[in-house]
Amino acid sequence: MSRVDQKLEEIEETIRNEVPAGISISDVTFEGPELVVYTRDPKQFAQDGDLVRRLASKLRKRITVRPDPDVLTRPEDAREQIESVIPEQAGVTDLDFHADTGEVVIEAEKPGLVIGRHGATMREITQEVGWTPEVVRTPPIESSTVANVRNFLKQERDERRDILERIGRQIHREEMSDDQWVRITTLGCCREVGRAAFIVSTPETRVLVDCGDKPGAEGEVPYLQVPEALGAGASSLDAVVLTHAHLDHSALIPLLFKYGYDGPIYTTEPTRDLMGLLTLDYLDVAAKEGRTPPYDSEMVREAIKHTIPIEYGDVTDISPDIKLTLHNAGHILGSSIAHFHIGDGLYNIAFSGDIHYEDTRLFNGAVNEFPRVETLVLESTYGGRNDYQTDQEDSERKLKEVINDTYEKGGKILIPAFAVGRSQEIMLVLEEAMREGDIPEMPVHLDGMIWEATAIHTTYPEYLRDDLRDRIFHEDENPFLAEQFNHIDGGEEERREVTDGDSAIILSTSGMVTGGPIMSWLEHLGSDADSKLVFVGYQAQGTLGRRIQNGWDEIPVGNGTGRSNTMKMRMDVETVDGFSGHADRQGLENFVKTMNPRPEKVLCVHGDESSVQDLSSALYHEYNLRTFAPKNLETFRFL
Ligand SMILES: [Zn+2]
């Protein structure tokens, strides 16, 4: 008998001793990090509201209870009974029965009402029909990404269960070594921004953290082929952990599956969906620019199929000697700080990913309290000695001034913005400003992927700032549903109508004017001296956005015809700083200064050479920490 089967037998024995007589246990298996308990008596199991929680804390595992398929109420009857248990205000939009696992997926507008107080309604459902309910939110704004991901996972349910069982046995395998050491190898994003990738290794385990591309430098990918990474074969990796969906962290994750990786990706649920949206767009852009993408869309689906979503704060076994916990990073939807607890109290590492330390309109600020941390791997994008950002309140005031001026002239305001994050932040500023009368009411048109990204935000309100989450729960207060927001879905014709119409604000991708619908808007509005182009985000070297910012006034026109012609730009250009998703220098220092516990070592990464050097030396001098500004391909041994 293998060690895993032996372990499962011991667990089954423990459970038998714990549950009241009369409740049968027919099987116990691992599915990924979770323990699944099968019973012929699901109704009795659900009667004791505290039983699952007691088992979970005794076994230190997340537990799912499933009924044996042959004790289930028929779906037709179960449907009626379930509908009578759930209050009508929950707004159930779909019930989906999976007889093989005894699960019923309930999609509802208000999931909280399906769950009930401390899960009371869910337990009542199981007591009535025996099925195990799983609850998901109906997106308040229809999202094709969320719908596609859910449908795809439904279709692949059987294969996914096989994958999870295999991963479950991997996680719970026997430890092979008595050695104790912990290492980090840097594969990218050191003394540079982009291509984030690190390996955490122990005698038992090898984990890849992030795997991104480098914007503006196609072909410069992380050093995946070294022996510490994929050099020993893709199957030598135990797990991949993704901090957030930005392409400089996620773009090359699907590539791993092309190289033969077949293991799990741990990340939050919204990050999984945003990764799907952004990597498919990444392939699209490459095709349009005539480049051969490094993988095809089939690999994006593999990545989604292998994703095991985890929530902030859940401690999850990912290998025999590593536990992972994700914490809010305040940067974009679903963004996380990845905390690794290695061995039984042996060593702890936190990877910041990208962080924003203070609260923003969209997110609570990054978490910096952990049970233990010896080493912090810290982003340094704005770590330079002069990287202080304008206060957001001042930025908002300036944006409103610019809008009022342009409105008075009868012009239009065109804002290039990234689909994920900055757009939603600006939408919240505009919604509030109109509601409070700081700027006149006028339509706000959203073009490109902005609408879709916004829909994904409203699907996961739990990941948004507390007060914003509460407003989304009360439908009539959901700021993203305000009537001035209009999704441009009618293409060129609709853009022309907007151009010919009254004053309006237009938010459009791409954020650095490197393609996408913003090119059409510039063509329509560029010659209008009364209109204004307003930059609210960072414009990288080499982008058209940066050139325009620096006074360039010729823009390519003739969408789709090679853009061989140029047009003289007469519209005003303005830059409003301060809407960043990154902590500035002060924010990074505050994050470290108030971190609890204080780390022993800090590796400053993910910043230009001078930024990482500045931040590293400041943290050393001011806070007396051991700091490093590693290059790519360095390995640190911690024990
Ligand atoms: Zn980022």
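**Exercise 1. Strand S19 and its partners**

How many bridges join S19 to strand S21, and do they run parallel or antiparallel?

*Solution.* A friendly reminder before you open the viewer: this is a predicted model.

- Step 1. Go to strand S21, residues 505-508; four bridges join S19 to S21, and the two run parallel.
- Step 2. To pin down the register, take Asp447, whose bridge partner in S21 is Ser508.
- Step 3. Now turn to strand S20 (residues 485-487), which is joined to S19 by three bridges, again in the parallel sense. Here Val444 has Phe485 as its bridge partner.
- Step 4. Look at the side chains of S19 (residues 444-447): Val444 and Leu446 point one way, while His445 and Asp447 point the other way. All four of these residues are buried.

**Exercise 2. The seven-stranded sheet**

Work out the strand order of the open sheet that holds S26, and then find its edges.

*Solution.*

- Step 1. Trace the seven strands across the open sheet: the order is S13-S14-S15-S16-S17-S26-S27, and the pairing is mixed.
- Step 2. At the edges are strand S13 (316-319) and strand S27 (626-628), each of which pairs on one side only. From one strand to the next, the twist averages 25°.
- Step 3. Zoom in on strand S17 (residues 375-379), which pairs with S26 in the parallel sense over five bridges. Leu378 has Cys604 in S26 as its bridge partner.
- Step 4. Add helix H21 (residues 609-623), which lies across S17, S26 and S27 and runs at about 160° to S26.

**Exercise 3. Two residues of S26**

Describe the surroundings of Leu603 and Lys601, both placed in strand S26.

*Solution.*

- Step 1. Start with Leu603: its relative accessible area is 0%, so Leu603 is buried.
- Step 2. List its contacts beyond four places in sequence: Thr375, Leu376, Val377, Leu378, Phe628, Pro630 and Phe636.
- Step 3. Check a C-alpha pair: Leu603 and Thr627 are 24 residues apart along the chain, with their C-alpha atoms separated by 5.9 Å.
- Step 4. Move to Lys601, which is buried yet has no salt bridge. The nearest side chain of opposite charge belongs to Glu600, 5.6 Å away, against a salt-bridge cut-off of 4 Å.
- Step 5. Leaving out residues up to four places away in sequence, Lys601 touches Glu374, Thr375, Leu376, Arg626, Phe628 and Phe638.

**Exercise 4. A check on helix H14**

What span should the 14 residues of helix H14 have, and how far apart are its end C-alpha atoms?

*Solution.*

- Step 1. At 1.5 Å a residue, H14 (residues 422-435) should span 20 Å.
- Step 2. Compare this with the model: the end C-alpha atoms are 20 Å apart, which agrees.
- Step 3. Turn to burial: H14 is mostly covered, with 12 of its 14 residues buried. Among them are Arg422, Glu425, Leu428 and Met434.
- Step 4. Pick out Glu431, also in H14. Its relative accessible area is 8%, so Glu431 is buried. Beyond four places in sequence, Glu431 touches Arg471, Pro479, Ala482, Gln484 and Phe485.
- Step 5. Just after H14, Gly437 takes a positive phi of about 75°.

**Exercise 5. The three-stranded sheet**

Why is one side of strand S4 and of strand S6 left without a neighbour in the sheet?

*Solution.*

- Step 1. Write down the order of this open sheet, S4-S5-S6, with mixed pairing.
- Step 2. S4 (92-98) and S6 (132-137) stand at the edges with a single partner strand each, so one side of each has no neighbour in the sheet.
- Step 3. Neighbouring strands here are turned by 20° against each other on average, direction ignored.
- Step 4. S4 and strand S5 (residues 103-108) run antiparallel, joined by six bridges; Val92 stands opposite Ala108 in S5.

**Exercise 6. Unusual backbone angles**

Find two cis peptide bonds and two positive phi values in residues other than glycine.

*Solution.*

- Step 1. Recall the background: most residues other than glycine have a negative phi, and most peptide bonds are trans.
- Step 2. A cis bond joins Thr509 and Ser510, with omega about 0°; Ser510 sits in the loop between S21 and helix H18 (518-525).
- Step 3. The bond from Asn596 to Pro597 is cis too, with omega near 0°. Pro597 is in the loop between helix H20 (585-593) and S26.
- Step 4. Cys189 has a phi near 60° and, at 1% relative accessibility, counts as buried.
- Step 5. Leu633 has a phi near 75° and is partly exposed, with a relative accessible area of 40%.

Methods: Residues numbered from 1 in each chain as written. Predicted model: local features only at pLDDT ≥ 70, side-chain atom pairs only at ≥ 80, totals over all residues. Heavy atoms only, no water. Pairing = 2+ DSSP bridges. Axes fitted to C-alpha atoms, helices over the stretch in contact; angles between N-to-C directions. Buried < 20%, exposed > 50% of the residue type's maximum accessible area, 1.4 Å probe, protein only. Lys, Arg positive; Asp, Glu negative; His and termini not counted. Contact = heavy atoms within 4.5 Å. Expected span 1.5 Å × (residues − 1).
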